[in-house]
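Colleague: Please take a close look at a single part of this model for me, namely the enclosed space inside it and the helices around that space. I would like the cut-offs along the way.

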Amino acid sequence: MQVITRGEHSVSRRDISPSALKVLYRLKDAGFEAYLVGGCIRDLLLGLKPKDFDVVTNAHPEQVKQVFRNCRLIGRRFRLAHVVFGREIIEVATFRGHHSGADDEENTAPKLKTASLSDHGQILRDNVYGSIEEDAERRDFTINALYYSVKDFAIYDFANGMRDIAARRIELIGDPEVRYREDPVRMLRAIRFATKLNMEIAPDALTPISQLAVLLKNIPAPRLFDELVKMLLAGKAFDNFMLLRDTRILKQLMPQLEKIIKQEPEGKAFTLVTRALQDTDQRVAVDKPVTPAFIFAAMLWYPVELRSQTLLIESGLNEIDALNIAMTEVLDDIQRTIAIPKRFSLTMRDIWALQYRLTKRGGRRAFKMLEQTKFRGAFDFLQLRAEAEGGSLTELASWWQQFQFADDAEKLELINSLGREAHDRPKRRRNNYKRKRSSTPDA
């Protein structure tokens with residue numbers, strides 16, 4: 001362990017959340033050890049603004065709750081205390097210990113005393129408490145094993161995290177393969193930290209990822225969605241996607257997309273996805289709103305289109321029915337791995353379905369299309385498709401670009417300039433039966 005004294009580091013209490021400082025001082029005054037830990041210290045040292053502040057202590061969750069009335073306990077895999085200050089939540093964790101079975105802390109409730117690992121080495125239950133030294137060893141990356149104390153305002157570095165921050169290197173604590181098996185999400189975190197902090201993943205931490213990526217299938221689908229959203233909506237979506245592809249993680253998370261990209265590495269699917277991700281990064285950079293629905297719609301569009309075309313050929317369905325069935329099948333398939341919430345999957349379906357309707361512009365249909373609440377998202381999606389494919393889509397996107405900003409007279413002129421195919425209405429099906437005559441004779 002290295003102790004970096006107050007005069008040797010740049011972390012100041014002025015940059016720390018007042019709520020986090022209250023938690024640290026209250027725990028110290030109650031006779032407990034308490035430190036700020038992990039990402040907040042790392043970010044402050046790098047000159048970044050931390051998203052949140054986490055506290056670690058030797059007090060057990062129940063003891064933390066006794067100190068703070070505004071505290072609630074959460075978690076089953078690892079018990080945590082959340083101290084609530086209005087909209088801000090300070091997460092307080094007890095020092096984690098090594099997996100010593102049921103013989104750990106005497107004061108821990110029996111049902112919380114053991115750790116549980118799966119057959120693959122993944123931690124399923126982790127309520128084992130220990131010392132600060134053990135807690136540091138249990139951290140995932142060296143740059144996250146940094147502890148700041150309000151007792152002496154020093155930083156305690158247990159794993160050469162300061163060295164790796166200076167070298168801009170993502171390094172795991174311990175054997176990388178063992179640590180990835182304990183929690184496969186660490187592979188995603190390694191990629192996210194590397195792109196977020198503009199660092200390189202150390203070779204010994206990068207090499208095992210391709211072989212162990214399959215372990216991500218053991219992670220609950222809702223957790224994978226949350227982790228992917230962090231990677232795709234933080235301004236580094238493009239960089240993260242490229243690393244997901246290169247480390248073969250994409251194959252485990254989205255095999256439908258990976259298969260298409262593998263067949264055409266620089267094809268339309270790759271172009272559509274990367275353009276969508278680059279646009280998202282640009283919007284994040286200027287603080288414009290972004291949504292996971294648009295990104296996932298781009299990632300899964302060509303799997304949906306491919307399935308739709310297969311259904312058209314094999315079953316003889318019309319375009320709308322084939323598209324609806326394809327959308328349902330692709331979404332049902334992805335939900336087994338990534339649990340996309342319904343509020344996003346419904347938006348994705350709207351964007352996809354409107355791609356067909358955007359081709360039907362004759363009569364009043366173009367005017368009605370502008371009234372659709374999802375028109376803007378569908379149009380933006382059409383523009384990305386046009387960039388990826390060119391051809392007739394370029395003309396279609398250009399037409400809609402003009403139409404939506406034209407006055408009424410110009411709109412009518414644009415509609416009148418369309419070819420006959422844009423005016424054709426879909427043929428209605430005729431009912432193939434004869435009306436039955438009444439068996440009762442007329443009076």
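Modeller: Happy to help; here is the close look, with a short tour of some other parts afterwards.

This is a predicted model, in which local features need pLDDT of at least 70 and side-chain atom pairs count only at pLDDT 80 or more, while totals for chains, interfaces and linings use all residues. Residues are numbered from 1 along each chain as its sequence is written, and side-chain values use heavy atoms, with hydrogens and water left out.

For the setting, the protein has 22 helices and 12 strands (DSSP runs numbered from the N terminus, H or I of at least four residues for helices and E of at least two for strands). Of its 443 residues, 48% count as buried (under 20% relative accessible area with a 1.4 Å probe, protein chains only). Among contacts (heavy atoms within 4.5 Å) between residues at least 6 apart in sequence, 67% join residues at least 24 apart.

Now to the enclosed space. There is 1 cavity of 30 Å³ or more, a cavity being a set of points on a 1 Å grid over the protein atoms alone where a 1.4 Å probe fits but cannot get out. The largest cavity holds about 50 Å³ of space, where volume is the space filled by probe spheres set on the points, joined across faces, edges and corners. Its lining (residues with an atom within 4 Å of a point) consists of Leu228, Leu232, Leu244, Leu250, Leu253, Met254, Phe296 and Met299. By class, that lining has 8 nonpolar residues, no polar and no charged (nonpolar takes in Ala, Val, Leu, Ile, Met, Phe, Trp, Tyr, Cys and Pro; charged is Asp, Glu, Lys and Arg; the others, Gly among them, are polar). Three helices, α10 (221-232), α12 (249-253) and α15 (292-315), each supply at least two of the lining residues.

Leu244, one of the lining residues, is also among the buried residues of α11, together with Ala237, Asn240, Phe241 and Met242. The buried residues of α11 pack against α7 (185-196), α10, α12, α13, α14 and α15. After α11 comes Arg248, with a positive phi near 70 degrees.

Helix α14 (residues 268-285) is a neighbour in that list. Its 18 residues should span 26 Å at 1.5 Å a residue, and the end C-alpha atoms are 26 Å apart, so the two values agree (the expected span is 1.5 Å times one less than the number of residues). Buried residues in α14 include Ala269, Phe270, Leu272, Val273 and Leu277, along with Thr271, Thr274, Thr280 and Asp281. Their cover includes α10, α11 (237-246), α13 (255-263), α15 and α19 (375-389). Asp287 follows α14 and has a positive phi, near 60 degrees.

Elsewhere, strands pair if DSSP finds at least two bridges between them. Strand β3 (residues 54-57) runs parallel to β6 (residues 88-94) over 4 bridges, with Asp54 opposite Glu91 and Val55 opposite Val92. On the other pairing of β3, 4 bridges join it antiparallel to β2 (residues 34-37), where Tyr35 is partnered by Val56. Strand β5 (residues 80-85) pairs antiparallel with β6 over 6 bridges, and Ala81 has Val92 as its bridge partner. That hairpin has 2 residues between its strands, and Gly86 there takes a positive phi near 60 degrees.

How values were computed:
1 Å grid on protein atoms, 1.4 Å probe; cavity = no way out; pocket = protein on both sides within 12 Å on 5 of 7 lines; lining within 4 Å. Buried < 20%, exposed > 50% of the residue type's maximum accessible area, 1.4 Å probe, protein only.
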